[in-house]
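I opened a fresh notebook page for this chain. My plan was to look up the fold, then the core, then one helix.

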Amino acid sequence: MNTTKLKGNWNETKGKLKQKFGNLTDDDLMLAEGKEDELFGKLQEKLGKTKDEIHKIISDL
């Protein structure tokens, strides 16, 4: 997934991630623009998935 698509659909994506993974909070998903690596690190930590798995999850939403 490219960064432009992720940013463009971020509000929708956040909602879908929170529905799919109930342990995610707004604070987990509310990282400043440009902190993509930090976001993926937080998601990896919370979900126990690899970066590639996180990319796939987001792409499949």
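I fixed one term before starting: contact means heavy atoms within 4.5 Å. I also noted that I am working from a predicted model.

Entry 1, one residue. I looked up what Leu17 touches. Leaving out residues up to four places away in sequence, I found Trp10, Leu24, Leu29, Ile57, Ile58 and Leu61.

Entry 2, the fold. I counted five helices and zero strands in the protein chain. From the N terminus on, the order reads α-α-α-α-α. Among contacts with a separation of 6 or more, 34% join residues 24 or more positions apart.

Entry 3, the core. I listed the largest nonpolar core and got twelve residues. They are Trp10, Leu17, Phe21, Leu24, Leu29, Leu39, Phe40, Leu43, Leu47, Ile54, Ile57 and Ile58. Two or more residues come from each of α2 (10-20), α4 (36-47) and α5 (51-60). Which element gives the most to this core? I found that α4 does, with four residues.

Entry 4, helix α2. I pulled its buried residues: Trp10, Thr13 and Leu17. Why do they line one face of the helix? Seen down the axis of α2, the buried residues fall within an arc of 60°, so they share one face. The general rule: an α-helix has 3.6 residues a turn, so residues three or four places apart point the same way. On the other side of α2, I noted Asn11 and Gln19 as exposed.

Entry 5, totals. Of the 61 residues in the protein chain, 25% count as buried. I logged an accessible surface of about 4,100 Å², with 44% of that belonging to carbon and sulfur atoms.

Methods: Residues numbered from 1 in each chain as written. Predicted model: local features only at pLDDT ≥ 70, side-chain atom pairs only at ≥ 80, totals over all residues. Heavy atoms only, no water. Core = buried A, V, L, I, M, F, W, Y, C linked by side-chain atoms within 4.5 Å. Buried < 20%, exposed > 50% of the residue type's maximum accessible area, 1.4 Å probe, protein only. Arc of directions from axis to C-beta. Areas by Shrake-Rupley, 256 points an atom, 1.4 Å probe, with all protein chains shown as cover.
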